[in-house]
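Let's take a relaxed tour of a protein model, starting with how two helices pack and then moving on to charged side chains. Have a look at the structure below before reading on.

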Amino acid sequence: MSAQPDHAPVTPYAPAPGAPAELLDQLRADRRADRWVPAFEQEWAAALEESRRTFSLAGLYDVVQVWQARVASAPAVDAFLASGRDDSAFVGLEEIRGRRR
């Protein structure tokens with residue numbers, strides 16, 4: 001019998017070592033830089049502080065992954081907004097919160 005598991009363990013997401021700096025460069029080059037850069041820096045600082053307390057890089061990895069997704073989806077969001085489609089049928093977060101109260 002083998003002591004090896006019969007399934008492969010899930011490898012957690014780990015960005016490349018230079019990913020945060022590359023991401024920040026992308027954010028600075030974007031037309032939304034005035035909003036995105038301070039937001040990224042704030043989230044990064046909070047995750048860095050958490051990392052120092054917990055000795056875990058998970059929060060830092062999460063910040064990078066979320067912001068990479070935002071940057072990647074930005075062109076699709078821009079295209080949707082530019083298309084003039086009616087998005088009034090969507091339920092907004094404020095409406096959902098109002099219904100819970």
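What follows covers one helix pair and some salt bridges.

Keep in mind that this is a predicted model, where local features need pLDDT of at least 70, side-chain atom pairs count only at pLDDT 80 or more, and totals for chains, interfaces and linings use all residues. Residues are numbered from 1 along each chain as its sequence is written, and side-chain values use heavy atoms, with hydrogens and water left out.

**Two helices side by side**

Helices here are DSSP runs (H or I, at least four residues), numbered from the N terminus. Find helix H1 (residues 19–29) and helix H2 (residues 33–54): their axes come within 8 Å and cross at roughly 155 degrees. Axes are lines fitted to C-alpha atoms over the stretch in contact, and angles run from 0 to 180 degrees between N-to-C directions. That crossing makes H1 roughly antiparallel to H2, a label used for angles over 145 degrees.

Which residues in H1 and H2 meet? On the H1 side they are Pro20, Leu23, Leu24, Leu27 and Arg28, and on the H2 side Ala33, Trp36, Val37, Phe40, Glu41 and Trp44. Contact means heavy atoms within 4.5 Å. By class, this contact has 9 nonpolar, no polar and 2 charged residues. Ala, Val, Leu, Ile, Met, Phe, Trp, Tyr, Cys and Pro count as nonpolar, Asp, Glu, Lys and Arg as charged, and the others, Gly among them, as polar.

**Charged pairs**

Side chains of opposite charge can pair when their charged atoms come close. A salt bridge is a side-chain nitrogen of Lys or Arg within 4 Å of a carboxyl oxygen of Asp or Glu. The structure holds 6 of them, including these:

| Salt bridge | Closest N to O |
|---|---|
| Arg32 and Asp30 | 2.8 Å |
| Asp78 and Arg32 | 2.4 Å |
| Glu49 and Arg52 | 3.7 Å |

Asp78 and Arg32 link distant parts of the chain: Asp78 is in helix H3 (residues 58–83), while Arg32 is in the loop between H1 and H2, 46 residues apart. A network of salt bridges links Asp30, Arg31, Arg32 and Asp78.

Is Arg32 buried or exposed? Arg32 has 8% relative accessibility, so it counts as buried. Buried means under 20% relative accessible area, exposed over 50%, and partly exposed in between (1.4 Å probe, protein chains only). Asp78, at 25%, counts as partly exposed.

Glu49 and Arg52 both sit in helix H2, 3 residues apart, about one turn of the helix. Glu49 is partly exposed at 39%, and Arg52 is exposed at 54%.

Note on methods:
Angles under 35 degrees count as roughly parallel, over 145 as roughly antiparallel, 65 to 115 as roughly perpendicular and the rest as oblique.
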